[in-house]
Structure formats: C-alpha cells, structure tokens
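Me: I am new to this structure and would love a friendly tour. Please start with the chains, then take a close look at a single part and show me how that part sits among its surroundings.

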Amino acid sequence: MIRLEKRPQPSRAWSLATPVVAVLATMVAGGMLFGILGKDPVEAIRTIFWEPLFGEFAFYYRPQLLVKGAPLVLIAIGLSLGFKAGIWNIGAEGQYIIGALVGAGIGLAFYPLEAWFVFPLMVIGGAFGGWLWAMIPAYLKTRFGTNEILVSLMLVYVAEQFLASMSLGLLRNPEGHGFPGSRNFNSYEGASSWINENAGMHWGVVAALIAVIFAYVLLNRHMVGYHIRLTGEAPRAARFAGVKPARLILFCLGTSGMLAGLAGLFEVSGPSGQVSIDFNVGYGFTAIIVAFLGRLHPVGILLAGGLMALTYIGGDIAQSNLQLPSAAIQVFQGMLLFFLLAFDLLTNFRISLGKPEVA
Amino acid sequence: MDLSAINPVLLIASLMVAATPLLFAAIGELVVEKSGVLNLGVEGMMIIGAVAGFATAVESGSPLLGFVAAAGAGAALSILFAILTQYAQANQVASGLSLTLFGLGLSALMGQSYVGIKPPQMQKLDIPLLSDLPVIGPILFGHDLMLYVALMLIAAVWAVIKFTRIGLVLRAVGENHDAAHALGYKVVRIRIIAILFGGACAGLGGAYISLIRVPQWTEGMTAGIGWIALALVVFASWKPWRVLLGAYLFGGVTVVQLNLQAAGVAIPVEYLAMSPYLITILVLVILSADKSSAPAALGRNFHAAR
Amino acid sequence: MKLTKLMTSAAVAFGLATSALADDPTKVGFVYVGPVGDGGWTYEHDQGRKAVVEEFGDKVETVYVENVAEGPDAERVITQMALQGADLIFTTSFGYMDPTINVAAKFPNVRFEHATGYKQAENVATYSARFYEGRAVQGTIAGNMTKSNIVGYIGSYPIPEVIRGINSAYIHAKKVNPDVEFKIVWAFTWFDPAKEADAAKVLIEQGADVILQHTDSTAPQAAAQAAGNVITFGQASDMAEYGPLPRVSSIIDDWAPYYIARTQAVMDGTWTSGNTWDGIGAGMVGIGEISDAVPADVKEAALAMKAALADGSYHAFTGPINKQDGSAWLADGEVADDGTLAGMNFFVEGIEGDIPQ
C-alpha cells in the first residue's frame with residue numbers, strides 16, 4: 001500500500017530535483033509518442049531540447065529564447081503576486097492587448113516625430129492601459145464582490161473585439177492599401193522597443209528581469225509581500241494582522257495588469273512590430289501555467305518561462321526538421337506540464353510503503 | 001433596415017440549438033464545482049469529445065453511438081485531471097489549463113483522417129401534430145434528441161442536488177471537505193466521480209458541436225466555447241436553472257446580433273460582439289448581492305492523512 | 001553586428017553549397033497560419049506543397065511548419081527555414097508580410113514568396129489569386145437561381161479581399177436578376193464553425209435561399225442542407241461532399257501550378273521577383289464542378305462567364321459601375337485597375353449596409 005505523508009516543510013532537495021525528473025519523464029513519454037507517429041524518438045527529443053541551445057544555429061535561437069520568454073515571465077511575475085494571495089486574475093491576455101493598444105496608439109499619434117520622449121510615453125501608456133483594464137475586475141470585486149476570475153476572463157473577449165476594431169479602424173496604417181493592421185514600429189526608430197535585435201534584447205527583456213528582482217524583494221523583504229503571503233495562507237489571520245483586503249486586491253490586480261500591459265507594449269513595439277487582428281497569441285494564458293510551474297516563486301518563474309520558450313522554439317524546429325505535426329508538439333507540452341505538476345507531489349509529500357495506520 | 005425579416009420563432013428555435021453545447025459543458029462543470037473542484041480543462045474535454053464522437057459516428061454510422069463515445073472520451077481525459085489534483089495534489093488551475101492544451105493537441109492528432117468528411121445525420125424528432133403547431137411546434141417539438149437530453153440533464157442535476165442524499169453529500173464535500181471527511185464521506189472518491197461526470201458532459205457538448213450544430217470535424221473547432229461554459233457556471237451562481245437561463249442569454253445575444261446585421265441594421269459589429277461579455281459582467285454585478293452561492297472549498301485540494 | 005555577419009555568412013555558405021552540389025535536392029519551405037487539417041486555406045496550400053513533391057520527386061525536399069502565429073513567431077520560423085538551407089520559402093498569410101521582408105534582407109540568396117501581400121524585394125515575390133473572378137461566376141449562378149431574390153453573404157473581416165468578393169458577386173447577380181438583394185453578415189473570424197453555422201441559419205431564416213461564404217468551414221453548407229431549398233458554394237476547397245445540393249459549385253484555391261512553376265524556376269536559376277495575381281485563366285482559381293441541381297441554361301451562362309474571364313475577353317469589374325454613394329467609379333467599358341482593386345474599401349451601388357470600420 002502506497003501512502004502519502006505530508007512533509008512538515010517542503011523538501012528543498014526535491015523541489016530542485018522534481019523539475020529534472022519531470023523533464024526526463026516527459027522525454028520518455030514524449031519519445032514514445034513520437035515513436036508511435038513514426039519519428040525517431042531520440043532525434044525528436046534532441047531537436048526540441050538541444051537544438052535551440054547548443055545546435056548548429058544556436059547563435060540565432062538563444063536570443064530568440066529571450067524574445068519568447070520575456071513576455072511570459074513579465075506577465076507571470078505579476079500574476080504570481082495575486083495568486084499567492086488568492087486573487088485570480090486570469091484575464092492577463094486582455095490586459096496585454098489593451099496595454100499594447102494604448103501604448104501603440106500614443107506612439108502612432110506622434111508618428112513620424114523622432115524625439116526622446118516618445119518611447120517613454122508609450123511605456124507609460126502601456127502600463128496604464130493594462131492597469132486600467134485590470135482595475136475593472138478589481139473595482140467590481142471590491143465594490144460589489146463580483147468574482148474576478150469571471151470578470152477578468154470576460155474582459156479578454158471584449159479586448160479581442162476591441163483589438164479587431166482598432167486594427168481595422170483607428171490604428172490602421174493609412175499607407176497599408178486598405179489592409180488591416182497598423183504601421184510597423186520597426187521602421188519608426190524613436191518608438192521601437194529593440195535595444196539590439198540580433199541579441200534578442202528589447203526593453204521587455206530588461207523589464208522582465210527587473211520584475212523578477214522587484215517581486216523577489218517585495219515578497220521577501222517588504223510588508224506588502226508579507227501581507228500577500230499571509231492572505232494566501234491564512235486569510236482570517238491576515239485580517240487580524242491589519243491587512244486591508246480591498247487594498248490588497250487593488251494592488252495585486254493593478255500590478256499584474258500593469259505588467260501584462262507593459263508586456264503587450266514591448267511586444268507590439270518590438271518583436272511583433274504592429275497592431276493587427278491576431279496580435280495576441282495567448283501569452284496571457286500561457287503565463288498562468290508559467291506562474292504555477294515556477295511555483296509562484298520569482299526565480300522559479302524565470303526558469304519556467306525559459307523552459308516554455310524552449311519547448312516552443314524547439315517544437316517549431318522539430319516541425320520543420322522532422323515534419324512532426326504541431327499537434328504532437330502541443331501534446332508534448334501538455335505532457336511536460338502534467339509531469340511537472342504531478343512530480344511536484346514529492347516536494348510536499350513523502351511516499352511511504354506499508355500499511356495505513358489505523359486511526 | 002428591415003426588422004420584419006427577423007422571425008422571432010425561428011430565432012428562439014435556433015438560439016436553443018446554439019446554447020445546447022454550452023448547456024452540456026456547463027451543467028457538468030457545475031457538478032464538478034459543487035464538489036469543490038475547479039476544472040479549467042472544459043475546452044480540452046469538449047474537443048476530445050467532439051473528435052471521438054465524430055470518429056465513432058462516422059465509423060459506426062450511428063450518431064447516438066458517437067455521443068456515447070464522446071462521453072466516454074471526455075470522462076477518460078478528465079481522469080488525468082482527477083489523478084493530478086486528487087492523488088498528486090497538483091494545483092487545480094494549472095492542471096486544468098494543461099488539460100486544455102493537451103486535449104487540443106491530442107484531438108488534432110486523433111482527427112487527422114476525419115477532415116472533410118460528412119457525419120451521419122441525426123434525425124430531428126418529428127412528433128405528428130405537436131411539431132406542426134404554430135409557434136410552439138418549432139420551439140418545443142422540432143429539435144434533435146440530444147437537445148432534450150441536455151434539458152433533462154439540467155432538471156436531473158437540479159433534482160439530485162436539491163432533493164437527494166447524493167446531492168447533500170456532494171454539497172457537503174464542496175462546502176467543507178474536512179468536516180465531510182470527519183463524517184466518514186470518501187471525499188476523494190466523490191470528487192473523482194464528479195470530475196468524471198463533468199468530463200462526460202463536456203464530451204457530449206463537444207460532440208453536439210461536431211455532430212449536430214456544425215456538423216464536421218476540424219481542428220480547434222470548439223473555438224472557446226469551453227471557456228464560456230466555465231463563465232456560465234459562475235454566472236449561474238452554481239444553480240442549474242440559471243445555467244439554462246445564462247446559456248440562452250449567451251446564445252441569444254450572438255444570434256440576435258447576427259440577425260440585426262442581416263436585417264441591415266447599421267451596428268458596430270465588434271461592439272455588439274462584445275455585448276454578451278459585457279452583459280455577463282453587468283448581470284454578475286446585479287447578482288452579486290447573493291454571496292452564499294460559491295462552494296466554500298472551491299479550488300482547494302484535500303489530503304486526508306496528516 | 002557580429003551576429004548579422006555570422007548569419008549572412010551562414011546563408012552565403014548555404015548558397016554556395018547548393019550551387020556547388022547540383023544533385024542536392026532543392027529545399028522548399030512552407031509557413032502555414034493554420035493547421036493543415038483546417039480543410040480550407042492552409043489545407044489547400046498544403047495540397048500545393050504535395051503537388052510539388054509529386055512533380056519533382058527526389059529532386060525536391062519540402063518542409064513545412066503549421067499553426068505559426070503572425071508576428072515574431074513567424075519571423076523565427078522563416079529564419080529557421082532559411083538557416084537550414086531552404087532555397088525557396090512560401091509564406092502563406094497576409095500577416096507574414098513584414099516578417100518575410102525582414103528575414104529576406106538577411107538572406108539574400110534565399111528566395112521568398114509571400115501570399116496576398118504588397119511588399120516586394122529583390123528576393124521577395126508576392127502572389128495572390130483573383131478570387132473575385134470566381135465570385136463573378138458564383139454571382140451569375142446565384143442571381144439566376146434565387147427565388148426569394150435574397151442572397152446571404154457571410155463575410156469574415158471587412159478587408160479589401162472580402163469586399164472585392166462581395167462586389168463582384170453582387171454585380172454579376174444583379175446583371176442576371178435586377179431584383180436581387182444581398183444580406184451581409186460579418187462574422188469577424190476566419191474560422192469558427194459554430195458562429196458560421198449561426199450566421200448561415202440567420203440568413204436563411206431571413207429569407208436567403210443562396211448562401212455565399214468567405215469563411216473557411218463547411219458549417220454553412222451543413223446549415224443550408226438542414227434547411228433545404230438553399231444553395232451554397234464551396235469556399236477554398238471543393239466541399240464536394242455537400243454536392244449536388246446544397247453545394248452547387250465552388251471556388252477552389254489551386255496553388256499547385258504556381259508552386260510547381262516557381263520551384264522549377266529556382267531549379268533552373270530563372271527565378272525573379274515580381275507580383276503575380278492570377279485568376280481562372282492561369283488555373284490559380286478553380287471553379288468546382290457545377291452540379292446537376294443547376295438548370296442547364298444557368299450552367300451554360302456560368303461556364304460562358306468562366307470562359308470569358310479565363311481568356312481575358314471580359315473583366316469582372318467592367319463599367320459602368322457606380323460606388324455605393326452613387327458617385328461614378330468606372331465609365332462605360334472602363335476596366336478597374338489592379339491598384340484600386342487591391343485596396344478596395346467601398347461597396348458598389350445597390351448594396352445596402354455599411355462596411356464596418
């Protein structure tokens with residue numbers, strides 16, 4: 001009989017080892033899947049995990065990891081603050097869109113002015129847009145007690161329609177021959193978020209790193225961080241300790257919305273380059289997974305974001321090199337998440353063999 | 001503009017069809033959430049149901065058999081979620097999201113050879129006399145069998161939760177799993193059964209899309225309906241009949257929106273397409289006075305031994 | 001800018017390698033926006049890829065990546081194909097325009113073909129199909145066959161491509177049936193079967209007995225079949241499984257001839273950049289078998305229209321045509337120029353309703 005015993009404290013050793021074990025298990029299970037699909041399993045796994053980091057063209061893929069990982073980390077850091085306190089913002093996708101729209105709107109309004117203040121204004125606009133969009137569920141929750149999961153999710157769909165409307169209307173490139181989509185920021189020097197395109201460096205990468213440090217300090221060294229943790233672990237005790245729930249809700253949702261908005265702004269003015277109908281590609285939802293994979297810990301999120309980025313990039317390489325269908329890559333990612341979540345068990349529980357104690 | 005072109009009877013009849021996949025998925029998720037579990041993998045289970053139901057119906061020639069297979073497939077996928085959350089104590093939000101990712105990928109792999117095929121047709125109920133009645137006929141008696149199954153399912157879930165011991169236990173587990181455990185209820189077992197039921201219902205909802213509402217198989221064809229179902233449960237504040245109301249409201253706004261467009265009313269389409277979501281938020285605010293509705297243990301894991 | 005240099009030299013190395021080893025298969029890459037199993041847009045591009053494989057056998061190696069989001073992902077995937085030695089890369093969605101141009105600048109020895117865009121370069125050609133020619137044939141059939149005189153049209157997004165199709169269908173329906181009226185519904189999606197089914201049902205309920213669609217799924221076909229007495233046309237692919245009724249014909253995206261010709265050009269070293277906008281004549285726009293549900297005289301008229309468009313004796317936009325607001329667009333006998341067509345953002349006279357902005 002296998003039994004689980006809760007560890008008095010999460011095991012440090014296992015918390016470091018489980019991701020490795022999970023990745024290895026995914027390699028085995030994924031290899032079997034690829035084998036069934038008639039591909040060489042070893043080659044497929046090597047392509048996904050090795051090729052982007054150390055393969056022949058790693059000089060190109062490594063910077064791409066930064067480009068792909070930065071928005072995930074930036075959004076996930078913001079979300080993790082709320083998740084720790086039991087405040088569920090699952091509408092980061094919408095905040096990402098609105099942040100991009102407001103920021104891009106400001107940039108396009110100044111076009112073609114080349115001035116030092118254009119980009120900073122866009123950054124402020126992006127942060128404000130995301131913050132504003134997140135304030136809707138926050139305000140409704142504090143004022144009326146509505147469920148923030150639902151309101152933030154609903155606002156994603158509203159934002160998507162808004163995005164379609166903007167790329168077909170107000171923000172449409174006047175020189176775009178009637179096609180939807182805005183001007184490209186890559187040809188507008190003063191409003192581009194790129195620092196060095198070939199190195200994968202844009203201001204979003206910098207912001208993601210700052211956010212990691214900021215979250216780490218906040219959670220470990222600051223009163224607000226303590227309040228967040230306390231509210232998540234013992235809401236009643238938190239109230240006795242003087243935590244104001246409403247203020248915490250406004251802070252957590254506001255911060256996560258702001259970071260998601262920033263991620264959107266950096267994406268639209270850099271890697272993506274323009275506002276278009278299909279501008280959003282699900283970073284806001286993937287970031288939720290990243291936040292949990294990183295166990296809501298800033299450093300963990302950084303690593304989890306990198307891992308997700310790796311499977312995306314490696315997956316695309318495997319598609320073109322080995323003709324694996326993209327669906328197989330999706331299944332593979334799903335497996336990786338399942339194993340990571342399942343093996344997490346070992347961190348908090350001890351498995352013992354033997355008869356259950358009779359109570 | 002020609003509003004007289006809109007036929008309210010047909011409008012109601014078609015919004016009933018549009019709402020049925022939502023009904024299936026949402027009523028299943030309602031039971032899951034009543035037991036204190038939040039499964040965000042509805043979309044994944046729906047699409048697995050859609051492909052499994054479609055494939056089975058094509059191979060066997062029987063849509064009904066397809067629905068059975070869809071329920072089985074949805075439940076089978078939900079076992080993964082059950083193992084993760086109930087045995088491995090994994091976080092429910094992350095597990096549910098992963099389930100959706102996995103389901104979307106797996107369904108695409110399973111469905112590769114079914115693209116561009118027409119499934120066998122499900123006959124509409126055609127009750128002599130009743131189906132021919134004006135107004136009431138097309139609305140109440142002119143649909144396919146599964147639409148009525150969905151309605152009966154709502155009634156059944158309502159009755160079971162309200163009047164039976166099973167419902168009582170379910171609610172007890174969802175409200176306070178420690179107390180339920182102390183009373184001798186098998187918390188984990190009950191939750192797993194609820195999760196399986198939710199999976200089966202989501203599977204049926206998916207198959208309703210691929211076999212009746214659309215009907216065809218293409219990758220990603222559920223196109224976010226699973227997410228709306230999740231929203232619907234909260235919208236309904238965990239009350240079965242409100243799920244019905246909400247599903248018709250959601251389905252209704254889309255159908256009315258399209259009707260107005262076709263009638264030539266100059267409406268900003270994007271803004272109207274937003275309206276179901278905005279209306280939901282509004283209704284949420286209005287309903288927020290009722291705070292007793294959410295299962296207290298929703299989303300929290302339970303571990304018995306300590 | 002060390003990395004740029006590295007990349008360019010890698011590309012140069014590949015360029016040299018391919019020319020040095022003449023026996024080496026020509027590598028052709030395809031970037032798809034949807035899954036190859038979408039049964040529509042991407043499916044047809046993949047059919048084109050398969051035709052290339054069939055035509056050249058061992059002399060060609062094709063690679064593809066599906067479900068590539070427009071934006072940074074696309075740029076990465078295109079770069080990756082170029083790095084890995086592709087000689088020719090087809091990027092098959094409008095949103096890949098800027099990424100294609102960016103990557104092409106870094107790989108001067110690789111040839112790029114971008115579908116439906118308007119930006120070209122030394123090594124970037126563009127190609128698109130004159131689907132509006134197919135719409136003219138559809139309009140002819142629709143105008144003749146409608147009994148209620150109401151034609152329903154499911155649009156995706158209000159972009160020139162779609163507006164052009166609506167105008168073309170309307171002009172030719174009107175020509176054979178002056179009483180015809182178009183009801184247009186914008187779905188604001190390329191692909192959402194459930195919503196498309198709803199849209200088709202709504203149009204049918206409001207009296208349409210012909211449904212034209214500019215979205216990719218077969219959902220409207222099924223809705224029409226369920227309703228009975230409604231005819232439809234296949235979109236992107238033949239959708240023959242819904243024939244002979246409701247589907248009476250179709251517009252098929254047939255990329256195979258173009259893909260084969262361009263691959264051949266790379267092999268022969270005769271590839272040059274340019275803008276190809278082919279229609280029925282070149283076989284890029286296929287008209288699916290007109291089913292027996294269409295009366296013989298209508299079928300004849302439709303085929304005559306098809307033949308006239310194919311040999312160039314007739315242009316689908318030939319004046320006199322006024323814009324929706326009544327202002328003159330084309331004088332009698334005047335033919336629309338490609339520039340106006342490419343950016344078309346207005347309805348022609350007679351169509352009711354506004355284009356959403």
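Reply: In this predicted model, contacts in chain A often reach across the sequence: among those with a separation of 6 or more, 79% are between residues 24 or more positions apart. Chain A is built from 15 helices and four strands. With 359 residues, a compact globule would be expected to have a radius of gyration near 21 Å, and the 22 Å of chain A agrees with that. Along the principal axes, the C-alpha atoms of chain A fill a box of roughly 75 × 60 × 30 Å. As for burial, 59% of the 359 residues in chain A are buried.

Chain B is next. Its make-up is easy to remember: 12 helices and zero strands. Read from the N terminus on, the elements of chain B are therefore α-α-α-α-α-α-α-α-α-α-α-α, and with a radius of gyration of 20 Å, close to the 19 Å that the globule rule gives for 306 residues, chain B is as compact as a globular protein of that length. The box that the C-alpha atoms of chain B fill is roughly 70 × 50 × 40 Å along the principal axes. Of the 306 residues of chain B, 57% count as buried. Among contacts in chain B between residues at least 6 apart in sequence, 79% link residues at least 24 apart.

Now for how these two chains meet. On one side there are 36 residues of chain B, in contact with 38 residues of chain A. In chain B, the elements that give two or more residues to this side are helix 3 (63–87), helix 4 (92–110), helix 10 (225–235) and helix 12 (269–287). Helix 4 of chain B gives the most, with 12 residues. By class, the side of chain B that touches chain A has 25 nonpolar, eight polar and three charged residues.

Chain A also has chain C as a partner. Here 38 residues of chain C are in contact with 32 residues of chain A. Helix 1 (2–20), strand 2 (60–65) and helix 3 (72–83) of chain C each supply at least two residues of the side that touches chain A. The largest share, eight residues, comes from helix 3 of chain C. Sorted by class, the residues of the side of chain C that touches chain A are 22 nonpolar, 11 polar and five charged.

Let us stay with chain C, where the close look will be. Chain C is divided into domain 1 (2–129) and domain 2 (131–254 + 288–342). The C-alpha centres of these two domains of chain C lie 32 Å apart. The contact between the domains takes eight residues from domain 1 of chain C and 10 residues from domain 2 of chain C. On the domain 1 side, helix 2 (residues 41–56) of chain C provides the largest share, three residues. That side of domain 1 of chain C has, by class, four nonpolar, two polar and two charged residues.

Here is the sheet. Chain C has an open sheet of six strands in the order 7-6-8-9-10-12, with mixed pairing. Strand 7 (181–186) and strand 12 (285–288) of chain C are at the edges, each with a single partner strand, so one side of each has no neighbour in the sheet. From one strand to the next, the twist averages 15°. Strands of a sheet pair through backbone hydrogen bonds, in either a parallel or an antiparallel way. Strand 8 (residues 210–213) and strand 9 (residues 231–236) of chain C are a parallel pair, joined over two bridges. Within this sheet, C:Ile211 stands opposite C:Thr232 in strand 9 of chain C.

A helix comes with these strands. Helix 6 (residues 160–176) of chain C lies across strand 6 (150–155), strand 7 and strand 8 of chain C, and runs at about 170° to strand 6 of chain C.

Finally, one residue up close: C:Ala169, which is placed in helix 6 of chain C. C:Ala169 has 31 other C-beta atoms within 10 Å; 20 or more make a residue buried, so C:Ala169 is buried. Leaving aside neighbours within four places in sequence, C:Ala169 is in contact with C:Arg135, C:Gln138, C:Gly139, C:Ala142 and C:Leu212. For a sense of distance, take C:Val53, which is 116 residues from C:Ala169 along the chain; the C-alpha atoms of the two are separated by 35 Å.

Methods: Residues are numbered from 1 along each chain as its sequence is written. Chains are lettered from A and ligands numbered from 1 in the order in which they are written. This is a predicted model: local features need pLDDT of at least 70, side-chain atom pairs count only at pLDDT 80 or more; totals for chains, interfaces and linings use all residues. Two residues are in contact if their C-beta atoms, placed from the backbone, lie within 7 Å. Ala, Val, Leu, Ile, Met, Phe, Trp, Tyr, Cys and Pro count as nonpolar, Asp, Glu, Lys and Arg as charged, and the others, Gly among them, as polar. Domain bounds come from an automatic or database domain assignment. Two strands pair if DSSP finds at least two bridges between them. Axes are lines fitted to C-alpha atoms, for helices over the stretch in contact, and angles run from 0 to 180 degrees between N-to-C directions. The radius of gyration is taken over C-alpha atoms; the globule rule is 2.2 Å times the number of residues to the power 0.38. A residue is buried if 20 or more other C-beta atoms lie within 10 Å of its own, exposed if 12 or fewer, and partly exposed in between; C-beta atoms are placed from the backbone.
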